[in-house]
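Me: I'm new to reading protein models. Could we go through this one together?

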Amino acid sequence: MVTVVTKLVYCFHFSRKYGQYTMNQEITKVREKPPFDRSSSQDSLDELSMEPYWMEIENIEKSSENRQDQEVVVVKEPDEGELEEEWLKEAGLSDLFGESAGDSQESMVFLSTLTRTQAAAVQKRVETVSQTLRKKNKQYQIPDVRDIFAQQKESKEKVPDGIDTQSVRTNENKYQGKDDQASSLVVGKKELIPLVAEEAPASETDINLDVSFAEQAVNQKESSKEKAQKSKDCDAPLSNFRCPKDKTGITRIGDLAPQDMKKVCRLALIELTALYDVLGIELKQQKAVKIKTKDSGLFCIPLTVLLEQDQRKVPGTRIPLIFQKLISRIEEGGLETEGLLRIPGAAGRIKNLCQELEAKFYEGTFNWESVKQHDAASLLKLFIRELPQPLLSVEYLKAFQAVQNLPTRKQQLQALNLLVILLPDANRDTLKALLEFLQRVIDNREKNKMTTMNVAMVMAPNLFMCHTLGLKSNEQREFVMAAGTANIMHLLIKCQQVLWTIPKFIVNQVRKQNSENHRKDKKAMKKLLKKMAYDREKYEKQDKNTSDADVPEGVIRVQAPHLSKVSMAIQLTEELKASDVLARFLSQESGIAQTLKKGEVFLYEIGGNIGERCLDDNTYMKDLYQLNPNAEWVIKSKPL
């Protein structure tokens, strides 16, 4: 047992410091490290100093002295039924309960596309809401849950969309490897997945995006208990998880039209809840705490308000200007600076700089030459901490923290992927800019000594501090929170390419919903036309895609309304990619249009079973055409 002398400053009261609260209780004593059992892995946490984390806590405490408190309006804690009502509303299923309960066509179509585990998650919430409404004697129509999900019943041997269980397992097995189950560290009764030594060799592992994450978890629990127990005792360095190659193209956040992205978010919420249900992890969304904030300024301003005032100066801005400028100032000083992000600026200087920035930033009179590099880094972290609502959002902050409780790194990554999708646009865009910047810092680790672990431990308190709100502090919990949140931060940085990908199984569910809604709309239209005595044969003839009339089989017509070559018929081949189509158009540009470069215009799939989707360069056009034969193909730039 190792004994260390530590000075911890911890206690909780609401203040401006962390957006909603701060830690301010001083405990000075001789402390023993929490007892732990270590596995045979060389990367156990006892071998990795958590010193950067505790140093950052101390720096936060010093920099926050004499900061102005925020006025917080405490709201009544919602009961379980109210939380589940909010969940159903966010999932777009509010018409399954209350006065509006009924057979909504859209909801029925939506439910028909759910997997077994997704349907079970919805059913569980509907049952909770129904019981709550009955207890409150509300005279609403409360549908029987069995009626809602009658159409979801399928044989135990089958999973949705006609894929049998064995094929799902086979599909999943090809992605499984020695890196799935992480070696563990036990603190008391709490088991953690440790951070990984930076020098440990990392293998590359494809993450399965074809099959529902919750379904994968079910299959793993059913078939791999013994295997998982054995692998638990093996060395397992952190894999470099990557997206597998997909002939129909990888879909990233920002590639879909808003109406389809809304469906993606609804499905992501249900899938995340289903995954946590399967793994026995409680997932309850937090209601936003009402905080009286300023309606202008830079620090302690809601992201949406800050972006509104920024967009009046720079239209189309998606990331706060002050955030961009602070990153730019840090980079101007060179990312090779030793201890970058870890070494704090002087607290007094930081306070004065905040006041000056508030007064002069938008006027353009602030002297950036006076800002030292470490001061800029401290201001960047202060900006994140002082957001009235945390960057990871109040609603999902606890869900982010709960990621550390998931049993494997792969499942942790899957949960983080869904949580990133669920973040509000402003939060997600700002988080992306932060993670990309942190990766650039890490790329210079040979000189600045800031490894992924060091950066993760320094940044974790700034993003996750709200997790301690309302918890009784003790040494074991402090250590668990430190290790767990640093591990999550590590994954966010290391796997950011995967995290901004929309899983294929969710995109396929959206396609299925669109197809079914289109089929029902078309059927309704035909009935209407028949009643109006239109010639049905004439209608059906007109309904055919006229753009395909002059196009032979195996050929697609690509439109490019903003280029000099506005249309081109292209023969589909096994090897034809989206990048090839773009290259053909750009090679024929002349004049001003000739300055267009790859990355400025994109090929889009529009209509059919998708609203609109920007294709990645490696999309095989023939495979995608077979998936969506009714789509139109258009070359255009991405909207801001």
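Me: At which residue does α18 bend by about 30°?

Reply: Happy to help! The bend at a residue is the angle between axes fitted to the seven residues ending there and the seven starting there. Helices (H or I, at least four residues) and strands (E, at least two) are DSSP runs, numbered from the N terminus. In α18 a proline, proline 461, follows within four residues of the bend, which is at valine 458.

Me: Before we go on, what kind of model is this?

Reply: Residues are numbered from 1 along each chain as its sequence is written, and side-chain values use heavy atoms, with hydrogens and water left out. Local features need pLDDT of at least 70, side-chain atom pairs count only at pLDDT 80 or more, and totals for chains, interfaces and linings use all residues, as this is a predicted model.

Me: How far apart are the end C-alpha atoms of α18?

Reply: The expected span of a helix is 1.5 Å times one less than its number of residues. Helix α18 covers residues 452–464, so its 13 residues should span 18 Å. The computed distance agrees with that: 17 Å.

Me: How many residues of α18 are buried?

Reply: Buried means under 20% relative accessible area, exposed over 50%, and partly exposed in between (1.4 Å probe, protein chains only). By that rule α18 is mostly covered, and its buried count is 13 of 13.

Me: What share of the residues in the protein chain is buried?

Reply: The protein chain contains 24 helices and 20 strands. Of its 640 residues, the buried share is 52%.

Me: Is lysine 247 buried, partly exposed or exposed?

Reply: Lysine 247 sits in the loop between β12 (240–242) and β13 (251–252). Its relative accessibility is 41%, so lysine 247 counts as partly exposed.

Me: Which residues does lysine 247 touch, not counting those up to four places away in sequence?

Reply: Contact means heavy atoms within 4.5 Å. The C-alpha atoms of lysine 247 and tyrosine 620 are separated by 5.1 Å, although the two are 373 residues apart along the chain. With that neighbour included, lysine 247 touches Asn618, Thr619, Tyr620 and Asp623.

Me: Which residues does alanine 402 touch, with the neighbours up to four places away left out?

Reply: Alanine 402 is in helix α14 (residues 397–402). This alanine 402 has a relative accessible area of 8%, so it is buried. Its contacts beyond those neighbours are Tyr276 and Ile281.

Me: Which helix supplies the largest share of the lining of the largest pocket?

Reply: On a 1 Å grid over the protein atoms alone, a pocket is an open set of points where a 1.4 Å probe fits, with protein on both sides within 12 Å along at least five of seven lines; lining residues have an atom within 4 Å of a point. Here α9 (258–278), α16 (425–442) and α20 (496–499) each supply at least two lining residues. The largest share, six residues, comes from α16.

Me: What is the phi of leucine 341?

Reply: Most residues other than glycine have a negative phi. Leucine 341 lies in the loop between α11 (321–332) and α12 (347–360), and a relative accessible area of 1% makes leucine 341 buried. Although leucine 341 is not a glycine, its phi is positive, at about 80°.
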